[in-house]
Amino acid sequence: LTEREFRGWLWQEGRCIDAAALPGACARKSYISIRLPIEVFRDALAARNPVWPPPDLDSMAIRLRLLAPDDGPALFDSSEPGATLPFSLAELRALLLPGERLTVQRAGGTQPLLSLTGATPGDEPIAPWVVQIIRRLPVDGFDAPLHSREAIHTPLGEHEIVLSGDIRSVNLALAAVATRLAWTVGAMLLAVTATWAVIELFVIRRITLLTQRAAAVSTGMRAGDGPARLANLDLSDLGGRDELGVLAQGLKDLLQRVNDDLRREQIRAQQEKDMWHAVGHEIMSPLQSLMALHGAQGDASARYISRMQQAVRVLYGQASPSEAFAASTLALQAIDINAFLGDVAGNAHFIGIEGVAFTPLGQAVVVQADEHSLEDVVSHVLRNAQRHRTPGTTIHITLRADAQAAHVELHNQGPTIAEGMLERIFEYGVSEAPDSAAQGQRGQGLFVARTYMAKMGGTIAARNVAGGVVFTLTLPRVVA
């Protein structure tokens, strides 16, 4: 420019840019406004058909330099890096969204003074299915025009500013963002699915298999074919160095020990069964000879020989005494228990039990029972009473009868039974005496008594009374 006549204004803010700076040494923000009398503008206004603003107004470049009084470098140069450029239309265009259009025109005019369009969406990929979903989203006011109009009053006249938008551009922009997020979410879901598959394959599946194998072990122990099931149970596919592998190895070792114990138990049971077989075979022959010698009517020995034969038949060929008694079959018949108890009390001295007293009733009391088994029951209770009674005292047998059942009470004087043992003494192998094993007692007599009473439809119970213990046998009466 050769024209040097122009006007300029300079404003400077009072506050410091750096609030911590010392007074008189702080930097302040300044604003410069210059009015340039450019001959090009004058020529455009002097033309036959003046147009304002000129079409190339936004492409004009202005350089501003503030020079120092001396020949030193410029204090400010707008072309230097770091200088803040003045506001331009390009910055306004960057503020518009894709599909938006900003128009500025004089009020009542037909030609816009300024028209800016937002940047079009880039080449970002858009998934077609995302576009279809967005189109189906319910939007309030979808049919209303997307534009806003404002009137601006300036010293140069009234202007209108119109901002309009395109719903398709909004959809495309939203679809681009949704597609970008869809890829991210899809990758996350894929990672979650892969992680779940790894956990399912290497953790949950092995836990499930290990649980099934453990359940199979428990079922096999309760089932009749347990040894065969446990022998065929394979745990080799669950091995590993992690916790599940260690647990599977522990279950495998436990299973091996269980199989070994089962095999040893089977061998022991078979050996014991063979032993009972041999003992029964060797005892039956002498018992038959004794029966031939003492089987005459009225011989007191015949009763006990018959009981010995029945006991051998019960135990003959069985794996264990408890199994033998549980599997025994009784021959029930109608018995006058009043007369039966008189015979048992009268013959008690033959089995070494003295001082047994029974007071008979004046009438017959008929019950359903097996004679030999019922005598075994009474004999076991009498032997138990003899061991625990006070020396020299009498064991009393009392019979009570009602319309439904007969009740036999055997009372001995002596120490009472601990409350916690009143039921347990009828279990196999349980005895109240602490040195019962040393005395050859196996806790079997009262177990046999309860087993036989149950098979005859009766019960047996023990209770403590003053100065002793009472065992009560109850059997249902036979209605004539």
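Q: Is Arg-424 buried or exposed, or something in between?
A: Start with the relative accessible area. This is a predicted model, and in it Arg-424 comes out at 39%, so the residue counts as partly exposed. Glu-427 is also partly exposed, at 39% relative accessibility.

Q: What do the side chains of Glu-427 and Arg-424 form?
A: The general idea goes like this: side chains of opposite charge can pair when their charged atoms come close. Here the side chains of Glu-427 and Arg-424 meet in a salt bridge, with 4.0 Å from N to O. Elsewhere, salt bridges that share partners join Arg-400, Glu-409 and Arg-463 into one network.

Q: How many salt bridges does the structure hold?
A: Six. Another one to look up is the pair Asp-77 and Arg-63, whose closest N and O atoms are 2.6 Å apart. That pair links distant parts of the chain: Asp-77 sits in strand E4 (residues 76–77), while Arg-63 is in the loop between helix H1 (39–45) and strand E3 (65–66), 14 residues apart.

Q: Which accessibility class does each partner of that pair fall into, Asp-77 and Arg-63?
A: Read the two values separately. Asp-77 has a relative accessible area of 9%, which means it is buried, as the cut-off is under 20%. Arg-63, with 51%, is exposed, because that class begins over 50%.

Q: Where do Arg-450 and Glu-423 lie, and why can their pair be said to tie parts of the chain together?
A: First the contact, then the sequence positions. The side chains of Arg-450 and Glu-423 meet in a salt bridge at 3.4 Å, N to O. Arg-450 is in helix H11 (residues 445–455) and Glu-423 is in the loop between strand E13 (405–413) and H11, so their salt bridge ties together parts that are 27 residues apart in sequence. As for accessibility, Arg-450 is partly exposed at 31%.

Q: Which residues is Asn-464 in contact with, leaving aside its neighbours within four places in sequence?
A: Find the residue's element, then list its partners. Asn-464 belongs to strand E14 (residues 459–465) and is partly exposed, with a relative accessible area of 24%. Its contacts, with those neighbours left out, are Thr-416, Ile-417, Glu-419, Leu-422 and Val-469. For a look at the backbone, take the C-alpha atoms of Asn-464 and Ala-418: they are separated by 8.8 Å, with the two residues 46 apart along the chain.

Q: What does the side chain of Asn-464 reach at 2.7 Å?
A: Look for the atom at the other end. In this case the side chain of Asn-464 reaches the backbone oxygen of Ile-417 at 2.7 Å. The side chain of Asn-464 also makes a polar contact with the side chain of Glu-419, at 3.4 Å.

Q: Is Thr-474 buried or exposed?
A: Buried: its relative accessible area is 19%, and the limit for that class is under 20%. Thr-474 is placed in strand E15 (residues 468–476). Its side chain makes a polar contact with the side chain of His-407 at 3.3 Å. Beyond its neighbours within four places in sequence, Thr-474 is in contact with residues including Ala-405, Met-453 and Gly-458.

Q: Which residues make the nonpolar surface patch of about 710 Å²?
A: Pick out the side chains that build the patch. They are Trp-196, Val-198, Ile-199, Leu-201, Phe-202, Val-203, Ile-204 and Ile-207. Take Val-198 as one of them: its place is in helix H4 (residues 167–222), and at 47% relative accessibility Val-198 counts as partly exposed.

Methods: Residues are numbered from 1 along each chain as its sequence is written. This is a predicted model: local features need pLDDT of at least 70, side-chain atom pairs count only at pLDDT 80 or more; totals for chains, interfaces and linings use all residues. Side-chain values use heavy atoms; hydrogens and water are left out. Helices (H or I, at least four residues) and strands (E, at least two) are DSSP runs, numbered from the N terminus. Buried means under 20% relative accessible area, exposed over 50%, partly exposed in between (1.4 Å probe, protein chains only). Contact means heavy atoms within 4.5 Å. A polar contact is a pair of N or O atoms within 3.5 Å; within protein, one must be able to donate a hydrogen and the other to accept it, and residues adjacent in sequence count only if both atoms are side-chain atoms. Patches are made of residues with over 30% relative accessible area and no salt bridge: like charges are joined within 9 Å, nonpolar side chains (Val, Leu, Ile, Met, Phe, Trp, Tyr) within 5 Å. Accessible areas come from the Shrake-Rupley method with a 1.4 Å probe; for residues, only the protein chains shown count as cover.
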